[in-house]
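Trainee: I am new to this structure and would like a close look at a single part. Could you walk me through the place where the two chains meet?

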Amino acid sequence: MKVLVTVKRVPDPETTIRVKSDGSGIETDNIKYVINPFDEIALEEALRLKEKLGSGEVVLVSIGDRVVTEQLRTGLAMGADRAILVGCDQDLDSLAVARILAKIVEDESPQLVLMGKQAIDDDANQAGQMLAALLGWPQATFASEVVLSDDQQAVKVTREVDGGLETIGFALPGIITSDLRLNEPRYASLPGIMKARKKEIREIVATDLGVDIAPRLTIKSLEPPTQKEAGKKVETVEELIGLLHDEAKVI
Amino acid sequence: MGNILVFAETQKGRVPKSSLIAIQAGKDAARKLGGDVLVAVLGADTADAANEAAGYGAAKVLAVNDAALENYLADAYAATLEQLARANDVTLLAATATAVGKDLLPRVAARLGVGMASDVVSFHEDGTLQRPMYAGNTTATVTLADTIKVVSVRSTAFDAAQPGDQSAVEQVSVSLDADATKMQFVEFNETKSDRPNLTEASIVVSGGRGLKSGENFTTYLEPLVNELNAAMGASRAAVDAGFVPNDLQVGQTGKVVAPELYIAVGISGAIQHLAGMKDSKVIVAVNKDPDAPIFNVADYGLVADLFKAVPELTEAVKKAKE
């Protein structure tokens, strides 16, 4: 079974994000970049599927300039078999990303595409669903459990939805996006890192794919969030209850 | 400006509060941008829900009844909304960014071949929208270039619609081809709880890694939650540590809440948590680390050992109620 896993390079979630003073973007100096944490979970799930089946191929795809090679190498070190880098130096919105990915899927014909439910930079939570729509494939977002049928032709996916867990099923091919509890991603091992150096990263160019990637969503400006005034520090529970009752009037 | 189509969810034949928020957001957009508000209600038998949705002053309710729409499934619902949007001169399609809204709208947008803005917090007369990015560390002002603009709205940024003039209910049929009916609903396991819903509760008490274990959530946090008739939440750190299930997670990658009172217990205040609760009206933090970032957003901060302070707090609330 061939599984395609999408990988996005994002600022480390522990990084403090600061908006540039002119509002044109975020300060990128001294930012450490990582694989989007939800993409790491998606990759882990693909690796476990392959290990369970004892065969198959896990292919990574990322879009961006050459620096994303770093995240692809990390993914290869975790155990992916090969990678595709779609070179692109312009800002893309989710629809453009989905259109590029749809081309890659047509070319690679995977049975399953595993993606993160959202990237933690733009927080859009759109690309997986859009890719599914463009391909006419079924989708299971926010997955917390994936069960492949014995004949490997279908999946049942448990999804984290409001107020509980929902299970849906469909015949493959399909798209699954990962939520937090799907698994705990492994770390790359030293032998994994050594092997990754020899694995293939095929480079293609986004503008050669013949898809419309003009942005539909444009960011005009960024603002830092409004700062709240510092609150009161209280010494005792009694004082706290008093303030909540008399001043805030919430109890 | 054409029409504004609001997608309303149904839960056991009712329209949930989250969808009343979408209707209100639609009205807000109509006031600023023009156009009539239409509300779409989908299901196998929408009679009750469509009737209820008609009570909020929309120009029209579009009710679609089809056996394939009995349970929410992204493929059939997206195909239906696409057809409604194309047939009704729609220039703005909106729904609340619930689990369903987040799953559904991007699929509709891609079917329409248009872009989408997620988690919109405000509409402006000049056509720009605002939405948070980077876990709420920035607010972006964005535009959508297409004739049909698709947006999910953040539930904490709009009030629920108030009852208004009765709308006409129009029955609409759609055609769903094989491509739109590939997904099957298997089951829904509802989290059983006597407590209020996390996203709708007026008081939320959340625990973090400081609680140290799942048992301590039960021993220390639950009595306070029950005493306040609050909903229980948790930080991602507590979920990652396996103390509580992920559906309690408040934050960028969990639920976004804005109750009257939010009590953060043993939560340091990572950016990703703040993104999910900083719009709460009153924030209380209990943490033994005086430098914890949670105190920067708290209205009232108690620097104390939670294992001592929380039982005291529970007792004090009990007394205050007597």
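Mentor: Happy to; here is a tour of that contact, with a short stop beside it at the end.

A word on the source: this is a predicted model, in which local features need pLDDT of at least 70 and side-chain atom pairs count only at pLDDT 80 or more, while totals for chains, interfaces and linings use all residues. Residues are numbered from 1 along each chain as its sequence is written, and chains are lettered from A and ligands numbered from 1 in the order in which they are written.

Let's begin with the whole contact. Chain A brings 66 residues and chain B brings 70 residues; two residues are in contact if their C-beta atoms, placed from the backbone, lie within 7 Å. On the side of chain A that touches chain B, the elements giving two or more residues include α3, α4, β12 and α6 of chain A. Helices (H or I, at least four residues) and strands (E, at least two) are DSSP runs, numbered from the N terminus. The most comes from β9(A), with eight residues. By class, this side of chain A has 34 nonpolar, 15 polar and 17 charged residues. Ala, Val, Leu, Ile, Met, Phe, Trp, Tyr, Cys and Pro count as nonpolar, Asp, Glu, Lys and Arg as charged, and the others, Gly among them, as polar.

Now look at two helices, α6 of chain A (residues 237–246) and α9 of chain B (residues 306–321): their axes come within 10 Å and cross at roughly 45 degrees. Axes are lines fitted to C-alpha atoms, for helices over the stretch in contact, and angles run from 0 to 180 degrees between N-to-C directions. The helices α6(A) and α9(B) are therefore oblique to each other, as angles under 35 degrees count as roughly parallel, over 145 as roughly antiparallel, 65 to 115 as roughly perpendicular and the rest as oblique. From α6(A), A:V237, A:E238, A:I241 and A:H245 meet residues of α9(B), among them B:L313 and B:A316. The residues of this helix contact divide into six nonpolar, one polar and two charged.

Strands join the chains too: β13(A) pairs with β16(B), residues 300–303, in the parallel sense over three bridges. Two strands pair if DSSP finds at least two bridges between them. Here A:K233 has B:G301 as its bridge partner in β16(B).

Finally, within chain B, β2 (residues 37–43) and β3 (residues 60–65) pair in the parallel sense over six bridges, with B:V41 opposite B:A63.
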